Amino acid sequence: MRYFERYIGAILLLAPLTLSAQDGWENDGEIENVEIEIVKDREIKLPAASRNFEKIPPTTVDVGKQEIEYFYNNINFDLPDLNVRVRPLRIKDERLSKLYGNYVKAGFGNYTTPYVEGFFNSKRSKEYSYGAHFNYLHSKKGPVDDDNSGSGKIDVDLFGKYFTKKATFSGDIGFNQRLYHFYGYPEGQEVDSDTLKQFYNNYYLKGSVSNTEEKSDFKYNTGVRFDYLKDNRDASETDAQLNIKLEYALSDQSFVRLGADLETINREDDLVEKDARNLFRLRPAFGFEYEGFKIEAGFNAVYENDTLGDSDKMHFYPTAKASYPLSESVELYAGIGGDIKKNTLKTFSEENPFVDANINIYHTNKTFDLYGGINGKLSSKLGFGAGFSAANYKNMYYFINSPADQSKFDVIYDTGNTAVFNIFGQISLNTEERFRLTARGDYWGYAVDEVEEAWHKPNYKISSLASYNLFDKFLFTAEAYAMGGIMARDTETGDAVKLDALFDLNFKTDYLVSDQVSVFLQFNNIFSKEYEVYYHYPSRGLQFMAGLTYSF
C-alpha cells in the first residue's frame, strides 16, 4: 500500500510542470529558460482514504458455491453405476431353462436282453438334493447252451445330500444283485442247469459329513459304510468301515493331514467259520511348498490279523510324494509308499464272478511302491500323461481253474515276493464339446516267486473312448479295448496255456428327437470275437440293442 501512495504523489508533482510546458510551446515555439527548485525534505501528505469492506462480496459465498458444484458432479459421475445395476434385474427377470431331473431309458437286444434304467432327482435347491436310481439288465441267453450262460444285474439306490453353510451331509442306501452261470464246463458234458446259477446280493448303507466352509483352515471328511453280501449258496459276508480324513492349513504353503480307516470283516461259508478280520490304518502326513515344489511326507501304519504265512500283524510304510511344474501346463511327480490291499469275497466276486465256494481269502501286502510320471497340456484342447510304477507284493493272489471242476476258480497266493512293473500313457482331446477322445495304454511285467505264472493277469491293456456331437442332434460314441498276455493253467495236464489276445469294438448312436425324447442304437463286440478273459469262458459274440430315452 505504501508503494501505491508514493506513485500517486509523484504524478501530482509532475502534473503542473507538464501543463506549463504545453502552454509555452503554443505561444512562441521555444522553450524558455526556467529554474526548478526541488526540495528534498518536503513531505507529501495524502488524505486518508475511506475503506468500505462491505462493497467486496464475502468469500464464503464462492466457497459454498464450489462445494455445491463438486457434490453435483459426484452425482453425475455415479449415474453410470446406477445404469449398470439394472443389468442383474434383467437377468432375474429371465426365466430359467427347464430342468429335467428325471429320465427313464428302456431297450431290448439280442440274446433276449431287456433293459430298463431310470434316474429320479430333486429340482434346484440350495439346501438339499435327493434322488433314486434303478437299473435292470438281463440277458437270458449266452454264448454256451443259451440259458445255461445267461447273466444279469439289478441296481437300486436311494441317495441324498443336505447343505449348510459349514457342512454337507450325505447318505446312500441300496441293493445290488449280480447273476451268473457256471458255463465253463467241458463241451458236450451233461449238466443240471439248476446247479449252474450263481448270484450275489449286496445290501449297503453309507453316510458322510464334510465341511464346506471355504475360508476355514480346518477341513474334514468322515464317512461310514456297511455292506452285507450273500450268495445263493451258503456264503455271507459283512464289512463295516469307518473312514476319517482331517487336514489343517498351517499357512498358504503348508498343511498337516491325518487319515484313519477302521474295518471289520466277517465271513461265513459252508466250510468257513465266522471269524473277524480286522484292518486298521493310520496315515499322518505333512505337506509344504518350496520354490515350486509341492512335497508331502509321512507314514502309513497298518494293523491286520490275517494269518497267511509268517507276516507280522503290524506294518509300517514310509510315504512321500512330490511334484514340480516344468511350466504352467506341464508337471512332474514322483512318490514312494506301501499299503495293505483289502481282499474280501465281495472284491473277488467283482473281479472274477466264477470263484468257487469256501475259497481262502487273505489281504495282500504291498511292501513297497515307487512311482512317477508327467502330466500336462499341449494346448487348451489336448492333454497327456505318462508314468510308471515298480512295486513289490507279498501274498499276491491269482485265479486258477479248479482241478475238481474247471468251471470254477480257486484262489492261490504267492507267499514270497512278487515284483510288478507297470508303465502307462494316456491322452485326452476335447474340441469345443463337439469331439472328445480319451485313450490309455498299460503294460505290466510280473516276476513271481512261489508260483509258476501270474495266472489270469494281463500283460497289456489298451482302451479308448471317442464321441462326436453332430448338429446337436446326433451323438456318436465308440469304444475299443485290447488286452493280452493272459496265462491260464490247464486242469488236465497242468501246463500253462496262453489265452488269445482280445479285441472288442463297441459303437453307439443317439438321436435327439426333442428336448425330452431321444432314441439309441448300440452294438457291442462288432467283430463277434468270442474271446476269453477267464479260461473256458468265451464271451458273447455280436450284441445289439435299440431303445428310447424320455426326460421329464
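**Figure 1. The whole chain and its surface.** The accessible surface of the chain comes to about 35300 Å², and carbon and sulfur atoms account for 56% of that area. Please keep in mind that this is a predicted model. Of the 552 residues in the chain, 32% are buried. The secondary structure consists of 26 strands and 4 helices. If you look at contacts between residues at least 6 apart in sequence, 54% of them join residues at least 24 apart.

**Figure 2. A nonpolar patch on the surface.** Here you can find Ile336, Phe368, Leu370, Phe388, Phe421, Ile423, Tyr443, Tyr460 and Ile462, which together make a nonpolar surface patch of about 750 Å². At least two residues of the patch come from each of three strands: strand 14 (364-377), strand 16 (409-431) and strand 18 (460-470).

**Figure 3. A closer look at leucine 370.** Leucine 370 sits in strand 14 and is one of the residues that make the nonpolar patch. Its relative accessibility is 34%, so leucine 370 counts as partly exposed. Strand 14, its home strand, spans residues 364-377 and supplies at least two residues of the patch.

**Figure 4. A patch of negative charge.** For a change of character, this view turns to Asp145, Asp146, Asp147 and Glu187, which gather on the surface as a patch of negative charge. To find your way there, start from aspartate 145: this residue lies in the loop between strand 3 (128-139) and strand 4 (151-163). Asp146, Asp147 and Glu187 are its partners in the patch.

How values were computed: Residues are numbered from 1 along each chain as its sequence is written. This is a predicted model: local features need pLDDT of at least 70, side-chain atom pairs count only at pLDDT 80 or more; totals for chains, interfaces and linings use all residues. Side-chain values use heavy atoms; hydrogens and water are left out. Patches are made of residues with over 30% relative accessible area and no salt bridge: like charges are joined within 9 Å, nonpolar side chains (Val, Leu, Ile, Met, Phe, Trp, Tyr) within 5 Å. Accessible areas come from the Shrake-Rupley method with a 1.4 Å probe; for residues, only the protein chains shown count as cover. A salt bridge is a side-chain nitrogen of Lys or Arg within 4 Å of a carboxyl oxygen of Asp or Glu. Lys and Arg count as positive and Asp and Glu as negative; His and the chain ends are not counted. The place of a charge is taken as NZ of Lys, CZ of Arg, CG of Asp or CD of Glu. Buried means under 20% relative accessible area, exposed over 50%, partly exposed in between (1.4 Å probe, protein chains only). Contact means heavy atoms within 4.5 Å.
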